[in-house]
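User: I am new to this structure and would like a close look at a single part of it. Please choose one place, describe its surroundings, and then relate it to the rest of the chain.

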Amino acid sequence: MRQSRSRTSVVEIILAIFLPPLAVFLHDGIGTSFWINIILTLLFILPGIIHALLVVTDSI
């Protein structure tokens, strides 16, 4: 069971780097974090990636 969660985390991290809003959507669904990430990604991609990584790794 632990190994399955590890694979999911790796996939989510890869998605957070390449498609930040999709990673946040898959992790949290459509909510405040998703809309914040859309705005950050549209302003500039790097803040969107950083925010997605923080959301996916449950740092915030």
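Analyst: Take Val24 as the place to start. Apart from neighbours within four places in sequence, Val24 is in contact with Gly29, Ser33, Phe34, Asn37, Ala52 and Val55. The model is a predicted one, and the values below are computed from it.

To place Val24, the overall layout helps. The protein has four helices and zero strands, and along the sequence the order reads α-α-α-α. Of its 60 residues, 28% are buried.

Val24 is one of the buried residues of helix α2, which runs over residues 20–28; the others are Pro20, Pro21 and Ala23. Viewed down the axis of α2, these buried residues fall within an arc of 160 degrees, so they line one face of the helix. After α2 comes Gly29, a residue with a positive phi, near 85 degrees. Gly29 is also on the contact list of Val24.

Val24 also belongs to the largest nonpolar core, which has eight residues: Leu15, Ala16, Ala23, Val24, Phe34, Ala52, Val55 and Val56. At least two residues of this core come from each of α1 (2–18), α2 and α4. The largest share is that of α4, with three residues. Three members of this core, Phe34, Ala52 and Val55, are among the residues that Val24 contacts.

Two of the contacts of Val24, Phe34 and Asn37, lead to helix α3, where both are buried along with Thr41. The buried residues of α3 fall within an arc of 65 degrees when seen down its axis, so they line one face of that helix. The face turned away from this buried side carries the exposed residues Thr32, Trp35, Ile39, Leu42 and Leu43. The cover over the buried residues of α3 includes α2 and α4 (45–56). As for its length, α3 has 12 residues, 32–43, and at 1.5 Å a residue it should span 16 Å; the end C-alpha atoms are 17 Å apart, which agrees.

Asn37 deserves its own paragraph. This residue sits in α3 and has 0% relative accessibility, so it counts as buried, the cut-off being under 20%. Its side chain reaches the backbone oxygen of Gly48 at 2.9 Å. With neighbours within four places in sequence set aside, Asn37 is in contact with Pro20, Pro21, Val24, Gly48, His51 and Ala52. Pro20, Pro21 and Val24 on that list are buried residues of α2.

His51, another contact of Asn37, lies in helix α4. Its relative accessible area is 10%, so His51 is buried as well. Beyond its neighbours within four places in sequence, His51 is in contact with Ser33, Ile36, Asn37, Leu40 and Ile60. Ser33 and Asn37 therefore appear in the contacts of both His51 and Val24, where contact means heavy atoms within 4.5 Å.

Not every residue in these helices is buried. Ile36, in α3, has a relative accessible area of 39% and is partly exposed. Its C-alpha atom is separated by 9.1 Å from that of Pro21, and the two residues are 15 apart along the chain. Leu46 is found in α4 and, at 46% relative accessibility, counts as partly exposed. Between the C-alpha atoms of Leu46 and Pro20 there are 9.5 Å, although these residues are 26 apart along the chain. Over the whole protein, among contacts between residues at least 6 apart in sequence, 41% join residues at least 24 apart.

One record can be set beside this picture. An unreviewed UniProt entry carries the annotation "transmembrane region" for residues 9–27 and 33–56. In the model, residues 9–27 are 95% helix and 0% strand, with end C-alpha atoms 10 Å apart. Residues 33–56 are 96% helix and 0% strand, and the C-alpha atoms at the ends of that span lie 11 Å apart.

To return to the starting point, Val24 is a buried residue of α2 and a member of the largest nonpolar core. Its contacts include Asn37, whose side chain in turn reaches the backbone oxygen of Gly48.

Technical notes: Residues numbered from 1 in each chain as written. Predicted model: local features only at pLDDT ≥ 70, side-chain atom pairs only at ≥ 80, totals over all residues. Heavy atoms only, no water. Buried < 20%, exposed > 50% of the residue type's maximum accessible area, 1.4 Å probe, protein only. Arc of directions from axis to C-beta. Expected span 1.5 Å × (residues − 1). Core = buried A, V, L, I, M, F, W, Y, C linked by side-chain atoms within 4.5 Å. Polar contact = N/O pair within 3.5 Å; in protein donor to acceptor, adjacent residues only side chain to side chain. UniProt positions renumbered as here; feature names shortened; annotations may be inferred.
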